[in-house]
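Let's take a walk through a protein chain together, one piece at a time. Keep the picture open and turn it around as you read.

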Amino acid sequence: KLLTIMKTIEINVGDVVQLKSGGPKMVVDKIDHNFYDHPIGCTWFSKNDELKYAQFSYKSLNVLNIIK
């Protein structure tokens, strides 16, 4: 018997996230609802203090619990 469990996560603009594989903490800048996988736009600062931006699948991100 096969049991499938779907885990749902909630990601909002302004949340702090990190790739499941590690890396820098990033801030969710945009959620694109026009595409099937709903790419999550994230910004962060590199080690050289350069502002970076990239889009990731929500499946590759962990939401970090950071006290504001």
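Start at A54: with 22% relative accessibility, this residue counts as partly exposed. That label sits between two cut-offs: buried means under 20% relative accessible area and exposed means over 50%, judged with a 1.4 Å probe on protein chains only. Before we go on, a word about what you're looking at: this is a predicted model, where local features need pLDDT of at least 70 and side-chain atom pairs count only at pLDDT 80 or more, while totals for chains, interfaces and linings use all residues. Residues are numbered from 1 along each chain as its sequence is written, and side-chain values use heavy atoms, with hydrogens and water left out.

Back to A54, which lies in strand β4. Strands here are DSSP runs of E with at least two residues, helices are runs of H or I with at least four, and both are numbered from the N terminus. Which residues does A54 touch, leaving out those up to four places away in sequence? They are I40, G41, C42 and W44, where a contact means heavy atoms within 4.5 Å. You can also find T43 from here: it is eleven residues from A54 along the chain, and the two C-alpha atoms are 6.8 Å apart.

Now look across to the neighbouring strand. C42 stands opposite A54 in β4, and β3 and β4 pair in the antiparallel sense over six bridges. For strands to count as paired, DSSP has to find at least two bridges between them. β3 and β4 also form a hairpin with five residues between them, and in its turn D49 has a positive phi of about 60 degrees.

Time to zoom out. How many helices and strands does the chain have? It has zero helices and five strands, so to speak a plain β-β-β-β-β run from the N terminus on. The five strands form an open sheet in the order β4-β3-β2-β1-β5, with antiparallel pairing. At the edges you find β4 (51-56) and β5 (61-63), each of which pairs on one side only. From one strand to the next, the twist averages 45 degrees, using lines fitted to C-alpha atoms as axes and angles from 0 to 180 degrees between N-to-C directions.

Next, follow β1, which covers residues 16-19 and pairs with β5 in the antiparallel sense over three bridges. Within that pairing, V17 stands opposite V63, and the bridge partner of Q18 is N62. β1 also pairs with β2, again antiparallel, over two bridges. There V17 stands opposite M26, so you'll meet V17 in both pairings. The hairpin of β1 and β2 has six residues between the strands, and G22 in its turn has a positive phi of about 110 degrees. In the segment before β1 you'll find G14, which is partly exposed at 33% relative accessibility. G14 and V28 are 14 residues apart in sequence, yet their C-alpha atoms are 5.1 Å apart in space.

What about the inside? The largest nonpolar core is made up of ten residues: I11, V17, M26, V28, I31, I40, C42, W44, F56 and L61. The elements giving two or more residues to this core are β2 (26-31) and β3 (40-45). A nonpolar core is a set of buried Ala, Val, Leu, Ile, Met, Phe, Trp, Tyr and Cys residues joined through side-chain atoms within 4.5 Å. For the chain as a whole, buried residues make up 24% of the 68 residues. Among contacts between residues at least 6 apart in sequence, 32% join residues at least 24 apart.

Finally, let's look at charges. Side chains of opposite charge can pair when their charged atoms come close. A salt bridge needs a side-chain nitrogen of Lys or Arg within 4 Å of a carboxyl oxygen of Asp or Glu, and by this rule the count comes to one. Which residue forms a salt bridge with K52? The partner is E50, and the closest N and O atoms are 4.0 Å apart. K52 is partly exposed at 32% relative accessibility, and E50 is partly exposed too, at 41%.

Compare that with D32, in the loop between β2 and β3. D32 is buried yet has no salt bridge, and the nearest side chain of opposite charge, K30, is 4.4 Å away. In this charge count Lys and Arg are positive, Asp and Glu are negative, and His and the chain ends are not counted. Leaving out residues up to four places away in sequence, D32 touches H38 and P39.
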